[in-house]
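Morning, everyone. I will go through the ring pairs and then one of the sheets. Please have the sequence and the coordinates open.

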Amino acid sequence: MTEGTGATSGSESAPGSFTLDSRLSGALGGRTAQAFERGFGHRTVGDLLAHYPRRYAMRGELTALASLPLDENITIIAEVIEVGERSMRARRGSIVEAKITDGTGVLTLTFFNQRWRAAELRPGRRGIFAGKVSDYKGQRQLAHPDYELFDDAAPIEAGDAAARRWAEAPIPIYPATGTLASWQIAKAVALVLDGLAALDDPLPTSVRQAKSLLAHREALELVHRPERDADWKGARRTLRFTEAFVLQTALLERRAELRTHTTAARHPVPGGALERFDAALPFTLTGDQRDVGAEIAGDLGEPVPMNRLVQGEVGSGKTVVALRAMLAVADSGGQSALLAPTEVLAGQHLRSIVKMLGPDLAAELIPTLLTGQLPLAERKKAMLRAAAGQSRIVVGTHALLGDTVSFADLGLVVVDEQHRFGVEQREALRLKGRNPPHVLVLTATPIPRTVAMTVFGDLDVSTIRELPAGRAGITSQVVPLAIRPSWRPRIWERLAEELALGRQAFVVCPAIEAKVVEDDGAGDTVARSAADDTAPRGDGPADSAAPAASVAAVLAELRAHPRFAETRIAPLHGRMSAEEKDATMRAFSAGELDVLVATTVIEVGVDVPNASAMVVVDADRFGVSQLHQLRGRVGRGGVPGLCLLVTSAVPGSLALQRVEAVAATLDGFELAQADLELRQEGDVLGATQSGGRSSLKLLRVARDGDLIAEARELAQGVLAEAGGLAGHPALAAAVRRRLDEETSGYLSKG
């Protein structure tokens, strides 16, 4: 084997040395434990044993070398066919080059000043090779790869059962890093498995038997050290169901725990603010708005805190539903806080609320804006209004979370686009109420049923699908420049035609200034701009390493274009001050600007009925849900919307498939499911939702919906038993252990 990180100390561990909660430093040694923590965040034996193989290989098979991607770390099985040594030309020393093959393609292994490799890498030897694929003079190579050669010293004899088992046993291939190769991880796993104490099964016996599952200890053994394919397949089936069951138990337990708290019930009063607001509404609420409003009213009328998620289509009227809840709280003498993710959106919400309330109700309820960018005198005035209870509706950003901000009687917290806020931020606002406030979460990102069950299983979920009457609709069109480069001039011609009709438009770019695309650490490449708080979220990988289209470059291009000589164009992005952004949005809303060239700062909440057209440049650098949100900024009035999705993604690429999926439908729920299936993504409790790393291992919400639903039903039955979770100590321990610290905080703090 090659020199490595010392993935194990090489010593054997006595059985019973470790539990799942044992620190890796005690099991593997400090240096190796640090490598696992740096590479994967693993700190305990349980963390390491939940690092499951991503696939299994056989010693007799080879890996197709012709399709290996450049600049990616790979782990392959191949055979050495040639090895040689030559002197370096430019300096002293030698180069050992070994060629390996899958029978069709050839890959070169290159080692500098390591002559002993030539004796080890003899032709005919097979093994596992790992490294980053690079190109040298048109040939693919691995420079200084790690490898482990198969032990071929003992030929397989006809009656040698042990040798046959060795040859037939699947080889686990683990997610690896540059410092921890797959076989080094396998050796570390073997070390802790050998020293693992007896394990109590987290699945109740009745559940395990009903599902014909393996014991937990056996499943861990077989997923990491299978002797045949049936071993790891059965083990993964057990561990996948266990993961779903433990997660659903945690969510259901949290849901039950929330309902043990008491708070003040909030009822509207006859002739009060809510009744007067409803009477003055210039439009009729949709059926979905009425139904969801009734669910919220029922929650607010109970002496237990509401914890409800309202998901709705772009432009479906979630803000009106939330405002009606705030008015019910105001009628009861309480206050509401609306937490928005950006200064622009907070200001937009305040103006929208004041407009909907009308002058009389606005004067009575005094909606107040509180953000960190307010001048000191205005911020102090806003804080006094909140503390005295004078303002019944306070809209703000993270500034609402400050220690100096207090409320007289905080009855309702409305969190807009909740995935943008961390655990501690939401909890800080919750603790500002004398009693636990009711919590209403709004999201304009439609959520597939299985994701809602998995991510928001401790919340009640309401859905608004129906759009208000009078919307003219949006036409979406992909502009595939890789296929139709001649269409590029037509993009700006089409934009000019819309402006000639007296309408306004957005041009959206993934970056503020020209920057080379960077790796986001998860294998995706996204445009980053150092000070841009609105960069794409990374769920839409770009196919190219070319610089992303930037606000600065597109703004200059439009201003120099003869068709836009008289057009009023302005930028909008995250580097601008709050005052600059607010002034720009006000000017655009008032019709004083024709075109905004913006980043995703306009993604949510911006409502300009006269804006009919949007051009999304480098659309493949955005995710499906993000494109759907952006597109929802046009077509909001009586004029039809147009959205041009410009992309240089190559035909057949996943990036182009995503863009085409968005263009194919306006149904956000259909898109959400398509996105889930395209991504096959398990990171629904990690960075996107709670700010931590992914906490799903084998479970995939796109594939395992029925399994998740069954696990939830069985978990409900177990929790309904006498004693509940306390009657199943191994399950309770698994619930605590299963979720990383930040995700646990997310679940426990709602």
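There are 6 aromatic pairs in this structure, which is a predicted model. I will take two of them.

Start with Phe-129 and Tyr-147. Their ring centres are 5.9 Å apart and the planes make 40°. With the tilted class running from 30 to 60 degrees, this pair counts as tilted. Where do the two residues sit? Phe-129 belongs to strand 5, residues 126–136, and Tyr-147 to strand 7, residues 146–149. The two are 18 residues apart in sequence, so the pair ties those parts together. As for exposure, Phe-129 has 0% relative accessibility and therefore counts as buried. Tyr-147 is also at 0%, and buried.

The second pair is Phe-506 with Phe-588. It is tilted too, with 5.0 Å between the centres and 50° between the planes. Here the link is between distant parts of the chain: Phe-506 is in strand 17, residues 504–508, while Phe-588 is in helix 19, residues 578–589, and 82 residues separate them. Both of these phenylalanines, Phe-506 and Phe-588, are buried.

Going back to Phe-129 and Tyr-147 for a moment: ring pairs join them with Phe-111 into a cluster.

Now the sheet that contains strand 17. What is the strand order? It reads 16-23-22-17-21-20, an open sheet of 6 strands with parallel pairing. At the edges are strand 16, residues 474–480, and strand 20, residues 569–572. Each has a single partner strand, so one side of each has no neighbour in the sheet. From one strand to the next, the twist averages 15°.

Looking inside the sheet, strand 17 pairs with strand 22, residues 611–616, in the parallel sense over 5 bridges. In that pairing, Ala-505 stands opposite Ala-613 of strand 22.

Two helices that pack on this sheet are worth listing. Helix 18, residues 551–560, touches strand 17, strand 20 and strand 21, the last being residues 595–598. The direction of helix 18 makes about 175° with that of strand 20. Helix 20, residues 624–631, touches strand 16, strand 17, strand 22 and strand 23, where strand 23 covers 641–647. Its direction makes about 150° with that of strand 22.

To close, strand 17 is where the two topics meet: it carries Phe-506 of the second ring pair, and it is in contact with helix 18 and with helix 20. That is what I have; questions are welcome.

How values were computed: Residues are numbered from 1 along each chain as its sequence is written. This is a predicted model: local features need pLDDT of at least 70, side-chain atom pairs count only at pLDDT 80 or more; totals for chains, interfaces and linings use all residues. Side-chain values use heavy atoms; hydrogens and water are left out. Rings of Phe, Tyr and Trp (its six-membered ring) pair if their centres lie within 6.5 Å; planes under 30 degrees apart count as stacked, over 60 as edge-to-face and the rest as tilted. Helices (H or I, at least four residues) and strands (E, at least two) are DSSP runs, numbered from the N terminus. Buried means under 20% relative accessible area, exposed over 50%, partly exposed in between (1.4 Å probe, protein chains only). Two strands pair if DSSP finds at least two bridges between them. Axes are lines fitted to C-alpha atoms, for helices over the stretch in contact, and angles run from 0 to 180 degrees between N-to-C directions. Contact means heavy atoms within 4.5 Å.
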